[in-house]
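Visitor: Before we begin, could you take me through this model and explain the grounds for each label you use?

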Amino acid sequence: MAAPNTALRAVRTGMRMSQDDFARALQAAGHRVGEPNDANKRLVQRWESGTITAPRPVYARALEVVTGLPISLLGFAAVPVGHVAGDEYGGHDLTSPMSSLATPTPTSKPATVHSSYEGVWLSRYQYYSSGRGDSFAGQHFVVLLQHGDRLTARSLPGSAASSLSLDLTVDGAVVTGTWVEQTDPAGYYRAARYHGAIQLIAEPTGRRMAGKWIGFGKDMDVNTGPWELVFRDASTSKATLDRYNTSAT
């Protein structure tokens, strides 16, 4: 008897999607990346029941786009193909450099020609808190997936008390998109949800992106601050992600 794919079901239900909703999202993702698919409720049921233990490549890529997770974390038996914050008050433009934070040494030698941003990155941003009268840094290890010119990044749950997601588009060296952070339920912001826009410039090595975020405060003012992504590892295997699923501070 086939073993149910409880990991995929947990991800889907965590996204508050029915099987029909999930299938429609897969179809929409396929159209966005230029790979239409015929996902339907029955196919999702067969994945979750374990009747189908590995999705076809076109569905594997759509699953990654929709969930923001590598296929290796979605409970399938095998991967058919390889993968070639906010402030509580006021409006503040935080322009101080992030030099006080040690820059991690890349684990791989920078490539002369960069073709993919996929892998594990260290995300770091700074913001000013009027309520506490000081600036703070937020750090997460994120797994970044790439499909064409679209990038999705999701924080590893053990890397910080808050959760972070980025949805980005690459245009040459310019990376533009949106961010969402769900803050620590036990922290200063008590599970508040913040979101905004972000624009970064990718270095020629492809090993660092730096720019600024913009977002709202509780007094409906607009805040900005520096944000950077620093490359750590090209692999998105479960073993690699387990290794980085630890505090980024």
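**Grounds for the labels**

Guide: We can begin with Gly30, a residue of helix α2, bearing in mind that this is a predicted model.

Visitor: What makes Gly30 count as buried or exposed?

Guide: Its relative accessibility is 2%, and buried means under 20%, so Gly30 counts as buried. Setting aside residues up to four places away in sequence, Gly30 touches Glu35, Pro36 and Asn37, and its C-alpha atom is separated by 8.5 Å from that of Val65, 35 residues apart along the chain.

Visitor: Why is helix α4 called largely enclosed by the rest of the structure?

Guide: The helix covers residues 57-67, and nine of its 11 residues are buried, so the description as largely enclosed follows from that count. The buried residues are Val58, Tyr59, Ala60, Ala62, Leu63, Glu64, Val65, Val66 and Thr67, and they pack against three helices, α1, α2 and α3, and against the strands β2 and β3. After α4 comes Gly68, whose phi is positive, near 75 degrees.

Visitor: How do you know that Ala60 is rightly placed among the buried residues?

Guide: Ala60, which lies in helix α4, has a relative accessibility of 3%; the cut-off for buried is under 20%, and Ala60 therefore counts as buried. Not counting residues up to four places away in sequence, Ala60 touches Pro55 and Ile71, while Leu74, 14 residues apart from Ala60 in sequence, is 9.7 Å apart from it in space, C-alpha to C-alpha.

Visitor: What makes you say that Glu181 has no salt bridge?

Guide: Glu181 sits in strand β5 and is buried, and the nearest side chain of opposite charge, Arg132, is 10 Å away. A salt bridge requires a side-chain nitrogen of Lys or Arg within 4 Å of a carboxyl oxygen, so a separation of 10 Å does not qualify.

Visitor: Which side chains, then, make polar contacts with Glu181, and why are these called polar contacts?

Guide: One is Tyr125, whose side chain is joined to that of Glu181 at 2.6 Å, and another is Ser162, whose side chain is likewise joined to that of Glu181 at 2.6 Å. The limit for a polar contact is 3.5 Å between N or O atoms, one able to donate a hydrogen and the other to accept it, so the value of 2.6 Å falls within that limit for Tyr125 and for Ser162.

Visitor: How do you know that Ser159 is buried, given its place in the loop between β3 and β4?

Guide: The label rests on accessibility: Ser159 has a relative accessible area of 2%, which is set against a cut-off of under 20%, and Ser159 is therefore buried. The side chain of Ser159 reaches the backbone oxygen of Leu156 at 2.8 Å. Leaving aside neighbours within four places in sequence, Ser159 is in contact with several residues, including Gln139, His140 and Phe141, as well as Tyr244 and Asn245.

Visitor: What makes up the lining of the largest pocket?

Guide: The pocket holds about 670 Å³ of space and is lined by 24 residues, of which Thr67, Arg154, Ser163, Leu164 and Ser165 lie nearest its centre. At least two lining residues come from each of α1, α4, β3, β4, β5 and α5, and the largest share, four residues, is supplied by β4.

Technical notes: Residues numbered from 1 in each chain as written. Predicted model: local features only at pLDDT ≥ 70, side-chain atom pairs only at ≥ 80, totals over all residues. Heavy atoms only, no water. Buried < 20%, exposed > 50% of the residue type's maximum accessible area, 1.4 Å probe, protein only. Contact = heavy atoms within 4.5 Å. Lys, Arg positive; Asp, Glu negative; His and termini not counted. 1 Å grid on protein atoms, 1.4 Å probe; cavity = no way out; pocket = protein on both sides within 12 Å on 5 of 7 lines; lining within 4 Å. Points joined across faces, edges and corners; volume = space filled by probe spheres on them.
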